[in-house]
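Me: Here's a model I'd like to get a proper feel for. Please pick one spot in it, look at that closely, and then work outward from there in one go.

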Amino acid sequence: MELLKRENNEKHTERVLQFGEGNFLRGFVDWMFDKLNKECGGDFGVAVVQPLPTGRVAELNAQDGLYTLYSRGLINGVKAEEEHTIDCITRGINPYENTDEFFKCAQNPDLRYIVSNTTEAGIEYRKEECDFSTTTFPGRLTMLLKARYDAGLGGFLLLPCELIDKNGDCLKECVLKYAADWNYGKDFARWINEENVFTNTLVDRIVTGYPRDTADEMCKKYGYTDNLIDTTEIFHLWVIEGDKKYAAELPFHKAGLNVIWTDDVTPYKKRKVRILNGAHTSLVSSAMLMGVETVREALDNEILSRYIKKAVFEEIIPTIDMSESELTGFANDVLDRFRNPFINHLWSSIALNSVSKFKVRVLPSIKDYKDKFGTLPRCLVFSLAALIMLYRTENANDDPKVIDFMKSASAAEILSNTELWDEDLTYLSESVEEYIKSAENNGIKAAVELAAERK
């Protein structure tokens, strides 16, 4: 079969420069621009820059920027599947082989938006010489912005998608440091501050990438070879901290997309960390101790399902200062995502570094619940007991020093260890020890059931 190709040479106007050609951006941002083009009459072409010396832009160019996106999951408990041929990508640029082509982008007056996903380690500053081939992503971006400034053109709206806190602020800080190191001048720094908008964003979508097990069958159905098939869940959320006037430029809402413009992304991050990530972390130890292998299987288990619903709706949500409808709607979406029949999400992978994750994702909900109601949240406290029990088995996956300590220490010693928790959790000892004793005497299944039933 022939490769997927365009039937004509018509492409959208290049308005977006995207650092990153990986599965996530293609299954998230590019899909959104594609929907703007097809459903709202938009004209958003995306030029993709390969951020590392090795990458996939050659494959993108071989298919004229086209690829198939297959989305699958549950909507209100009902199985849903969607297929789209994404055609917003105009070309891929390997800046290590075609540096001039990369810098020519700065001279394009139509270019308005910069998107990136260079992993959490991508936004970093290193004091170094001005060398394109060795500098970081923010360093290369600084060089591009300088070329834009020298061309006398306006700045950009930058939408970084890296999974770090205040990603836009961090990126801007790096750019200004490089500009100072490389003596680009005060006028350039002023242009960065006044002509460019670095937004902080929160992205949320599970993109599962190339479907190796079914790709051949899918290509036979399509009638062409597509080496860039991408798969993703149905759910998506993009929260952008920026002036809502930009929603007129990027009217994602008109395409029915779950994109929120806000003056503060913090509450949405808190909601995601405490509900989505907190649900994973508060359930992982009990599920593994019960021999349940995947997230979906846990939601199909009557006891574990009841347990996590109680934890989320009765113990986590009441501690978050957002509207109840927003919180419950998000939580219901989370449970649908957990039940996704197309994704086998192993608890063994989620269990990595559970102690540090618990400190960030679950402990704040325990503390806020205690402060608000004067009592302890039973399911969340039980999840701490289950975590201690898990670390006494061979299934713990953490720093060897943490595992060695957790395996041999008593619950009281663990909870009083301020190096683990950044505080003394002795006030939880009585409840935690009660749950551990219950599990030891009656079995983990009965202990989970008891925790989920207690008022």
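Reply: Let's start with leucine 346, which has a relative accessible area of 39% and so counts as partly exposed. The cut-offs help here: buried means under 20% and exposed means over 50%, with partly exposed in between. Keep in mind that this is a predicted model.

Leucine 346 belongs to the loop that links helix H13 (324–338) to helix H14 (347–350). Setting aside neighbours within four places in sequence, leucine 346 touches Glu293 and Thr294. Arginine 296 is worth finding too: 50 residues separate it from leucine 346 along the chain, yet their C-alpha atoms are 9.0 Å apart in space.

Another loop residue makes a nice companion. Aspartate 399 is in the loop between H17 and helix H18 (400–408), and with a relative accessibility of 38% it is partly exposed as well. Pair it up with valine 284 and you get a separation of 115 residues in sequence and 18 Å in space, C-alpha to C-alpha.

From that loop, step back into helix H17 (residues 378–390), whose axis comes within 9 Å of that of helix H21 (residues 429–442), the two crossing at roughly 65 degrees. The crossing of H17 with H21 is right-handed. On the H17 side, the contact is made by Arg378, Val381, Phe382, Leu384, Ala385, Ile388 and Met389, which meet Ser431, Val432, Glu434, Tyr435, Ile436 and Ala439 of H21. By residue type, that contact breaks down into 10 nonpolar, one polar and two charged.

H17 and H21 also turn up as packing partners of helix H22. The buried residues of H22 pack against both of them, and against helix H10 (266–289) and helix H12 (302–316). In H22 (residues 444–453), the buried residues are Ile444, Ala447, Val448, Ala451 and Ala452. They span an arc of only 135 degrees around the axis, so they sit on the same side of H22.

Now for the sheet. Six strands form an open sheet in the order S5-S2-S1-S6-S7-S8, with parallel pairing. Strand S5 (89–93) and strand S8 (197–198) are at the edges with a single partner strand each, so each has one side without a neighbour in the sheet.

Strand S1 (residues 14–19) is mostly covered, with five of its six residues buried. S1 pairs with strand S2 (residues 45–49) over five bridges, in the parallel sense, and in that pairing glutamate 14 has glycine 45 in S2 as its bridge partner. With strand S6 (residues 113–116), S1 makes four bridges, again parallel; here leucine 17 is opposite isoleucine 114. S2 in turn pairs with S5 in the parallel sense over four bridges, where alanine 47 faces arginine 91.

Two helices lie across these strands. Helix H2 (residues 29–40) lies across S1, S2, S5 and S6, running at about 170 degrees to S1. Helix H5 (residues 137–150) lies across S1, S6, strand S7 (157–160) and S8, at about 155 degrees to S1.

Key
Residues are numbered from 1 along each chain as its sequence is written. This is a predicted model: local features need pLDDT of at least 70, side-chain atom pairs count only at pLDDT 80 or more; totals for chains, interfaces and linings use all residues. Side-chain values use heavy atoms; hydrogens and water are left out. Buried means under 20% relative accessible area, exposed over 50%, partly exposed in between (1.4 Å probe, protein chains only). Two strands pair if DSSP finds at least two bridges between them. Axes are lines fitted to C-alpha atoms, for helices over the stretch in contact, and angles run from 0 to 180 degrees between N-to-C directions. A crossing is left-handed if the near helix is turned anticlockwise from the far one by less than a right angle, and right-handed if clockwise. Contact means heavy atoms within 4.5 Å. Ala, Val, Leu, Ile, Met, Phe, Trp, Tyr, Cys and Pro count as nonpolar, Asp, Glu, Lys and Arg as charged, and the others, Gly among them, as polar. The arc is that of the directions from the helix axis to the C-beta atoms.
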